[in-house]
Amino acid sequence: MINFRIIILIVAFFVCFVNYTNVNALANENFQYNVYTPESFKSLKELNTPKQNPAAKAAPNASNPAPKFEEGSHILFIVDFSNSMNDKIRMEQRSKMQAALDTLATILPKIPANIKTALRVYGYKAGFTPVQGCMASKMSVPFATKNADNILGALFATKAVGWTPITYSLKQAVNVDFANVKGKKHIVLLTDGGENCDESPCTYAIELMKLRDDISIDVIAFDIDDMEANDQLRCAAVATRGKFYSANTTHQLLDSLFESLSIDKNVKGVIKIDEN
């Protein structure tokens with residue numbers, strides 16, 4: 001009987017080892033970017049000038065501004081469901097997750113009907129190993145017009161329990177979600193923390209812009225009190241000619257989303273946010 005139990009334990013250990021090795025090998029295919037250092041980009045201003053991108057169009061003048069999202073544009077929301085989203089906002093008595101859900105419920109129905117939107121979430125599961133936790137990112141809702149109800153349904157059905165694989169999520173967005181998408185592609189990343197999966201969203205964004213210029217990333221750093229994390233996220237936005245927003249309250253989060261999506265802020269007069 002003792003020998004039989006030993007054999008079972010040996011077989012179980014071997015199976016776990018093989019599974020972990022396969023997962024680790026798969027992860028290595030996606031985790032190929034160096035960790036950020038200040039030398040990675042000497043001047044963010046240079047990255048955001050037309051000379052870095054000869055094909056870029058000249059900016060419209062103030063008297064004839066061009067709309068941010070033209071017909072056929074695609075907006076992908078990447079929303080943080082890491083465990084820290086359950087924490088309360090420092091300046092309010094509500095969780096960051098609840099504030100994010102309520103704010104998105106206000107914003108999404110106001111997106112123009114001719115714009116296709118989609119949703120990717122990360123941190124929706126913890127995983128048995130750090131490697132699995134750092135690959136917990138999925139496209140919950142595919143691109144479609146008038147997609148607010150579908151996205152909100154997926155958001156409210158997801159629990160915040162996991163890690164913060166930002167760079168992996170960006171790679172999946174670019175290589176999978178946008179694989180067959182033409183035209184302007186815009187990512188709105190909402191996160192309450194920096195990368196914690198040994199990658200650099202800054203480095204990835206810089207490398208991405210060397211290959212293509214049809215994707216921009218707006219980053220909303222929600223209640224983040226970490227200079228390094230903010231620098232990483234700001235770099236990812238600026239490198240892709242997107243915008244970086246720092247929001248520490250529900251109202252600031254709402255303002256950031258209005259500006260990112262170019263929605264008329266006058267409609268805020270009818271918005272009520274319960275901060276109790």
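**View 1. Ser 262, a partly exposed residue in the segment after α9.** In this predicted model, Ser 262 has a relative accessibility of 44% and therefore counts as partly exposed, since that class lies between buried, under 20%, and exposed, over 50%. Ser 262 is found in the segment that follows α9, and its phi is near 55°, a positive value in a residue other than glycine. Most residues other than glycine have a negative phi.

**View 2. Asp 198 in the loop between β4 and α7.** Although Asp 198 is not a glycine, its phi is positive, at about 60°. The loop that holds Asp 198 runs between β4 and α7, the latter spanning residues 201-209. With a relative accessible area of 64%, Asp 198 is exposed.

**View 3. The open sheet and its edges.** The sheet is open and is formed by 6 strands in the order β3-β2-β1-β4-β5-β6, with mixed pairing. Because β3 (137-144) and β6 stand at the edges and each have a single partner strand, one side of each is left without a neighbour in the sheet. From one strand to the next, the twist averages 15°.

**View 4. The pairing of β4 with β5, and two helices that pack on the sheet.** β4 and β5 pair in the parallel sense over 7 bridges, and Ile 187 stands opposite Ile 217, which belongs to β5. Helix α5 packs on the sheet and touches β1, β2 and β3, its direction making about 10° with that of β2. Helix α8, residues 227-239, also packs on the sheet, where it touches β4, β5 and β6, and its direction makes about 155° with that of β5.

**View 5. The largest nonpolar core, with Leu 155 among its members.** This core has 36 residues, of which Phe 77, Leu 108, Leu 119 and Leu 155 touch the most other members. The elements that give two or more residues to the core include β1 (74-80), β2 (116-122), α5 (148-156) and α9 (250-260), while the largest share, 6 residues, comes from α3. Leaving aside residues up to four places away in sequence, Leu 155 touches Val 79, Phe 81, Leu 101, Leu 104, Leu 108 and Leu 119. Apart from this core lies another, of 25 residues, among them Tyr 122, Ile 187, Ile 224 and Ala 237.

**View 6. Helix α6, a mostly covered helix.** Of the 12 residues in helix α6 (residues 166-177), 10 are buried. The buried residues include Ile 166, Tyr 168, Leu 170 and Val 174, as well as Lys 171 and Asp 177.

Definitions and conventions
Residues numbered from 1 in each chain as written. Predicted model: local features only at pLDDT ≥ 70, side-chain atom pairs only at ≥ 80, totals over all residues. Heavy atoms only, no water. Core = buried A, V, L, I, M, F, W, Y, C linked by side-chain atoms within 4.5 Å. Buried < 20%, exposed > 50% of the residue type's maximum accessible area, 1.4 Å probe, protein only. Helix = DSSP H or I, 4+ residues; strand = E, 2+ residues; numbered from the N terminus. Contact = heavy atoms within 4.5 Å. Pairing = 2+ DSSP bridges. Axes fitted to C-alpha atoms, helices over the stretch in contact; angles between N-to-C directions.
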